[in-house]
Amino acid sequence: MLRLASKKLLGQVSPARPAQILPRFYHENVIDHFNNPRNVGSFDKSDPAVGTGLVGAPACGDVMKLQIRVDEKTGEIVDARFKTFGCGSAIASSSVATEWVKGKQMEEVLTIKNTEIAKHLSLPPVKLHCSMLAEDAIKAAVKDYQTKREKLNGSSDATSAEQAAQA
């Protein structure tokens, strides 16, 4: 009797009802950005009009490089590129981030939050770190660009965008 009870607890006795394994599906936006990633590639990181953000998540091994090209006269981000080593959600988050930053001022892109990226892609909680990487990469790219501009101009004054990036 004890043997039968322990087998029931382990799920070994009722062969009439096999365990059902439910597949996990990515949202169509993740699949679209994974299968057709936008803006893959890189710019010359020594170009003074380019800001590079390189971030990673040691827990899962995802690494994301996001670069922005800025019109030096207007401060508008005119192009963006990414290279990501990671899961489909990380690649999709990078792709979305590059699409969202193009055509915007640097101050404006600093307001892009990981929660917006995650919502757009319908990321499950276990994949939220991917959208966090994208937000961090945007901030790092802006900060890198501003650091280059300061060195080029010989100025150590922080701009309002840099102060926002550090917030």
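**Close-ups of a three-strand stretch**

**View 1. V63 in β2 meets F85 in β3.** Here V63 and F85 are bridge partners, with F85 sitting in β3. Keep in mind that you're looking at a predicted model. Strand β3 covers residues 77-85, and 8 bridges tie β3 to β2 in an antiparallel arrangement.

**View 2. The turn from β2 to β3 holds G75.** These two strands make a hairpin, with 6 residues between them. Look for G75 in that turn: its phi is positive, about 80°.

**View 3. β1 lines up with β2.** Strand β1 takes in residues 50-57, strand β2 takes in residues 62-70, and the two pair antiparallel over 8 bridges. One spot to find is A57, which stands opposite D62 in β2. As you trace a strand, remember that in a regular strand the side chains alternate between the two faces of the sheet.

**View 4. G61 belongs to the hairpin of β1 and β2.** This time there are 4 residues between the strands. What sign does the phi of G61 have? Positive, with a value near 90°.

**View 5. R69 sits over the face of F43.** Zoom in on the ring of F43 and you'll spot R69 lying over its face, 4.3 Å from the ring centre. What about aromatic rings pairing with each other: how many aromatic pairs are counted? The count is 0.

**View 6. Residues 1-11 call for some caution.** Across residues 1-11 the pLDDT stays under 50, and the model gives this stretch 4 contacts beyond four places in sequence. For the chain, the average pLDDT is 85, and 78% of the residues score at least 70.

Terms used
Residues numbered from 1 in each chain as written. Heavy atoms only, no water. Pairing = 2+ DSSP bridges. pLDDT = per-residue confidence, 0-100. Contact = heavy atoms within 4.5 Å. Phe/Tyr/Trp six-rings, centres within 6.5 Å; stacked < 30°, edge-to-face > 60°. Lys NZ or Arg CZ within 6 Å of the ring centre and 35° of its normal.
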